[in-house]
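Please open the model in your viewer and keep the selection tool at hand. The tour proceeds by selection, one stop after another.

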Amino acid sequence: MVDAMEGTKGEKTGITRRRFTLGMLIASGAGALGSLFALLKVLVPEKKAGYVTTIQPGDRLVYAKGGNMGTPLRASSFNVGDAVLAFPAGKSSNPANLVQVIRLKETQFGPPTHLDLTDQGFVAYSAICTHLGCTVSWVENQQAHAASFTECFCHNTIFDPARGAKVLSGPAPLPLAQIGIKVAEEGTLVFTSQFTGPIGPQVS
Ligand code: FES
């Protein structure tokens, strides 16, 4: 009787141990999966929504920052190699409208730049990095303008503004979209088109 009872007790203890071990395995498996998902989320960030531009052809470009913020860009203020961040006038509350305007030598441009969207060496691209959406910066080489470039310092993507802002290095998956600009009669700069491609983060 005692043996029989001990046998039953032993079986119960065995089952309890097995359940406990199974529970621990499930819990640690769930924990590992959670860590894996968290890691994947960091490595493969979600595509951010909301980058919808409201730029229209004819909109005048104004400085996006600095002492001249809000005032129109004038072609005469630019030397070859200069670059600024700009918004369409009255539309600065939408970050998708931020562009980088650069003046290069006309002879510097090569494919796939849309030459018909440039004027007198002025070219404009979306200033929102196609990786995770940081604002790009201009890195000027005063000795050799051809060696100047656009860089996103968040993860060090380098874009070539003389070649359609194609990616030279770094994690950004696409070039910065170009948008048409021209010098208007009174010397200010105006947009002439929509963006040539998607803007904002393109990582999905
Ligand atoms: S956000 Fe620009 S390189 Fe990552």
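The stops below belong to a predicted model.

Begin by selecting H131, which is placed in the loop between β4 (122-126) and β5 (137-139). Is H131 buried or exposed? With a relative accessible area of 12%, H131 is buried, because buried means under 20%. Now add H155 to the selection: the side chains of H131 and H155 are joined by a polar contact of 3.2 Å. Beyond the neighbours within four places in sequence, the contacts of H131 also include P171, A172, P173, P201, Q202 and V203.

Next, select C134 and C154. These two cysteines form a disulfide, with 2.0 Å between their sulfur atoms. The torsion about the S-S bond is about -95°, so the disulfide is left-handed. The pair links distant parts of the chain, 20 residues apart: C134 lies in the loop between β4 and β5, and C154 in the loop between β6 (149-152) and β7 (157-160). C134 is partly exposed at 22% relative accessibility, and C154 is partly exposed at 41%. Two further cysteines may be selected here: C129 is buried, at 2%, and C152 is likewise buried, at 2%.

Turn then to the largest nonpolar core, which has 21 residues; L98, V136 and F159 touch the most other members. The elements giving two or more residues to this core are β2 (83-88) and β4. Apart from this core lies another, of 20 residues, including V99, F122, V183 and I199.

Finally, centre the view on L98. Leaving aside neighbours within four places in sequence, L98 is in contact with residues including A64, L85, F87, Y125 and I128.

Methods: Residues numbered from 1 in each chain as written. Predicted model: local features only at pLDDT ≥ 70, side-chain atom pairs only at ≥ 80, totals over all residues. Heavy atoms only, no water. Helix = DSSP H or I, 4+ residues; strand = E, 2+ residues; numbered from the N terminus. Buried < 20%, exposed > 50% of the residue type's maximum accessible area, 1.4 Å probe, protein only. Polar contact = N/O pair within 3.5 Å; in protein donor to acceptor, adjacent residues only side chain to side chain. Contact = heavy atoms within 4.5 Å. Core = buried A, V, L, I, M, F, W, Y, C linked by side-chain atoms within 4.5 Å. Disulfide = S-S within 2.5 Å.
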